[in-house]
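Let's take a friendly walk through a small set of charged side chains and see where they sit. Have the sequence and the 3D view ready, and follow along residue by residue.

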Amino acid sequence: MLFRSCLERPCGDIRAAFDVVDGRGQVIDQIEETRKGRQGERLQIVLESQHSQAHYIELQSFSAKARLD
C-alpha cells in the first residue's frame, strides 16, 4: 500500500512502478499505476498480484508531477 497526501496543492500526475517478487527473490512481474492527485486528497494505491508465486511487491520508482493551478 502506498499513501500520498495532496493537502497543500494538487499533486498532478502520480506514477509508481512495482516489481512482483517470488520466494526466491526473482522478479516475476511488474505493475505500474498512474493516478491523478487532487488538492485535499489522500491517495491510496492497493496492489494485488494474480501470480500464485508472488511473495511480495517492491516499489521500484515513484514520481509526482505537481500541477500549478
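Is glutamate 32 buried, partly exposed or exposed? With a relative accessible area of 49%, glutamate 32 is partly exposed, because the exposed class begins only over 50%. Keep in mind that this is a predicted model.

**The chain as a whole**

The chain has 5 strands and 0 helices, so its pattern along the sequence reads β-β-β-β-β. Of its 69 residues, 29% are buried. The accessible surface comes to about 5100 Å², and carbon and sulfur atoms account for 43% of that area. Among contacts with a separation of 6 or more, 65% are between residues 24 or more positions apart.

**Two paired strands**

Much of this report concerns strands β2 and β3. Strand β2 covers residues 12–22, and strand β3 covers residues 27–37. The two run antiparallel and are joined by 10 bridges. One example is isoleucine 14, whose bridge partner in β3 is arginine 35. Together β2 and β3 form a hairpin with 4 residues between them. In that turn, glycine 25 has a positive phi of about 85 degrees.

**The salt bridges**

How many salt bridges does a search of the whole structure find? The search finds 3, and here they are:

| Acidic residue | Basic residue | N to O distance |
|---|---|---|
| Glutamate 32 | Arginine 15 | 3.3 Å |
| Aspartate 22 | Arginine 24 | 3.3 Å |
| Glutamate 33 | Arginine 35 | 2.9 Å |

Take the pair of glutamate 32 and arginine 15, which form a salt bridge. Glutamate 32 lies in β3 and arginine 15 in β2, so this pair ties together parts that are 17 residues apart in sequence. Arginine 15 is partly exposed, with a relative accessible area of 29%.

The pair of aspartate 22 and arginine 24 has partners in contrasting settings. Aspartate 22 is buried, at 6% relative accessible area, whereas arginine 24 counts as exposed, at 70%.

In the pair of glutamate 33 and arginine 35, the arginine is partly exposed, with a relative accessible area of 31%. The two side chains are also joined by a polar contact of 2.9 Å. Glutamate 33 is found in strand β3. Leaving aside residues up to four places away in sequence, glutamate 33 touches Ile14, Arg15, Ala16, Ile45 and Leu47.

**A buried acid without a salt bridge**

Now turn to aspartate 19, which is found in strand β2. Which side chain of opposite charge is nearest to aspartate 19, and how far away is it? The answer is arginine 15, at 9.5 Å. A salt bridge needs a nitrogen and a carboxyl oxygen within 4 Å, so at 9.5 Å the buried aspartate 19 has none.

What does the side chain of aspartate 19 make a polar contact with? Its partner is the side chain of glutamine 60, at 3.2 Å. Not counting residues up to four places away in sequence, aspartate 19 touches Val27, Asp29, Gln30, Tyr56, Ile57, Glu58 and Gln60. Glutamine 60 is thus listed among the residues that aspartate 19 touches, as well as being its polar partner.

Terms used:
Residues are numbered from 1 along each chain as its sequence is written. This is a predicted model: local features need pLDDT of at least 70, side-chain atom pairs count only at pLDDT 80 or more; totals for chains, interfaces and linings use all residues. Side-chain values use heavy atoms; hydrogens and water are left out. Buried means under 20% relative accessible area, exposed over 50%, partly exposed in between (1.4 Å probe, protein chains only). Lys and Arg count as positive and Asp and Glu as negative; His and the chain ends are not counted. A polar contact is a pair of N or O atoms within 3.5 Å; within protein, one must be able to donate a hydrogen and the other to accept it, and residues adjacent in sequence count only if both atoms are side-chain atoms. Contact means heavy atoms within 4.5 Å. Accessible areas come from the Shrake-Rupley method with a 1.4 Å probe; for residues, only the protein chains shown count as cover. Two strands pair if DSSP finds at least two bridges between them.
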